[in-house]
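Biologist: Could you take me through one part of this model slowly, the surface near DNA strand D? I'm new to this, so plain words please.

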Protein chains: 2
Amino acid sequence: MPRSRDSLRLVVADRLHSAAIHLLRYARKRDVLARVGPARLSALSILVFGGPMALGQLAAAEQVKAPTMSRIVAGLRSSGLARIEADAKDARRIRVTATAKGERLLQEARARRVRLVAEIFSGLREEEMNGLLRAAELVEHALRQAAGTK
Amino acid sequence: MPRSRDSLRLVVADRLHSAAIHLLRYARKRDVLARVGPARLSALSILVFGGPMALGQLAAAEQVKAPTMSRIVAGLRSSGLARIEADAKDARRIRVTATAKGERLLQEARARRVRLVAEIFSGLREEEMNGLLRAAELVEHALRQAAGTK
DNA sequence: CTAGTTGATTAGCACTGCTAACGAATTATA
DNA sequence: TATAATTCGTTAGCAGTGCTAATCAACTAG
């Protein structure tokens, strides 16, 4: 592989990583207002969009280990944002479901976060926005590929 | 502002946020190998690229409160990745500097990240990589603007 | 029926963010 | 000059999120 492509990758890696860190740090300021941490919010969104599922599935979806998800679910539960039921087929399993309150909170938090991030980009031209969109989709797509192959 | 531009922003914000979360989760797996957390690595890179600076400056650059940066610097120090000296002009201030070991570790972490990104984006054309680079720079620039204005 | 596997939890560690409260040093002001 | 206000950094303590190791219960294979 040519040296120039290699160093381009180095720069891209650096910049993307840094941009991601800073973007999330910025966005998190409002998540705090929701009194729900990012991991819980993210898990909740999986539940809302993906429907009820077992803890292990949720952990896999979030790329997190079972004990971590166990605690996240406990937190959601104690906040009344999710509930758990026994699985009919397998008594080891639990079925985690978002409550109505959870769905409501998710929509609010999401709207707040999106408004915040959208504010940041208020000065950008439409073509720049489209560039960002393509970049985000590229990253997501490439990550899905990489996660699948691994 | 036209409705269409507004909703484009919302979509971009949503996608970017999601892509950032997933990219960092993926990248963190390797950071763990470096035995240095993401916040320390990020602060270290500011030091390496920006030169020695006061704790407050570093906190501002990382968009983090002083106590948080105080602990991050303490961690870097105890790992021998950074050192602190007294400021000649103002005895309240400290001067934080990356050590040679810190610079070395950062380069290694970067190299690891580059390999990771290379894996993820192995299928991308050079122009797509350039698109990602522009996107990352746009995000950083917009964030700096937003942080400055606020 | 025993042995192995799987799903979830608990315990305990590390890291990262915050606010509140403090001490020390500097700057502004009476 | 003496005092007050401000600024810089630290400490203490809370919450959240990630991990591994160990454990328990339930299911599955032999």
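Modeller: Sure! First, a bit of vocabulary: a residue is near a strand if its C-beta atom, placed from the backbone, lies within 6 Å of it. Keep in mind too that this is a predicted model.

With that in hand, look around DNA strand D, where you'll find 24 residues. Coming nearest are A:Gly37 and A:Ala39 from one chain, plus B:Gly56, B:Pro67 and B:Ser70 from the other. Now for the elements behind this surface: in chain A, helix H2 (38-50) and helix H4 (66-78) each supply at least two residues, and in chain B helix H3 (55-62) and helix H4 (66-78) each do so as well. The largest share, 5 residues, belongs to H4(A). Sort the surface near DNA strand D by class and you get 12 nonpolar, 5 polar and 7 charged residues.

It helps to hold that up against DNA strand C, which has 25 residues around it. The closest there are A:Gly56, A:Pro67, A:Ser70, B:Gly37 and B:Ala39. For this surface, helix H3 (55-61) and H4 of chain A give two or more residues, as do helix H2 (38-50) and H4 of chain B. Here it's H4(B) that provides the largest share, with 5 residues. The classes near DNA strand C come out as 12 nonpolar, 5 polar and 8 charged.

Finally, the two chains meet as well: 48 residues of chain A are in contact with 49 residues of chain B. On the chain A side, H1(A) gives the most, with 21 residues.

Key. Residues are numbered from 1 along each chain as its sequence is written. Chains are lettered from A and ligands numbered from 1 in the order in which they are written. This is a predicted model: local features need pLDDT of at least 70, side-chain atom pairs count only at pLDDT 80 or more; totals for chains, interfaces and linings use all residues. Helices (H or I, at least four residues) and strands (E, at least two) are DSSP runs, numbered from the N terminus. Ala, Val, Leu, Ile, Met, Phe, Trp, Tyr, Cys and Pro count as nonpolar, Asp, Glu, Lys and Arg as charged, and the others, Gly among them, as polar. Two residues are in contact if their C-beta atoms, placed from the backbone, lie within 7 Å.
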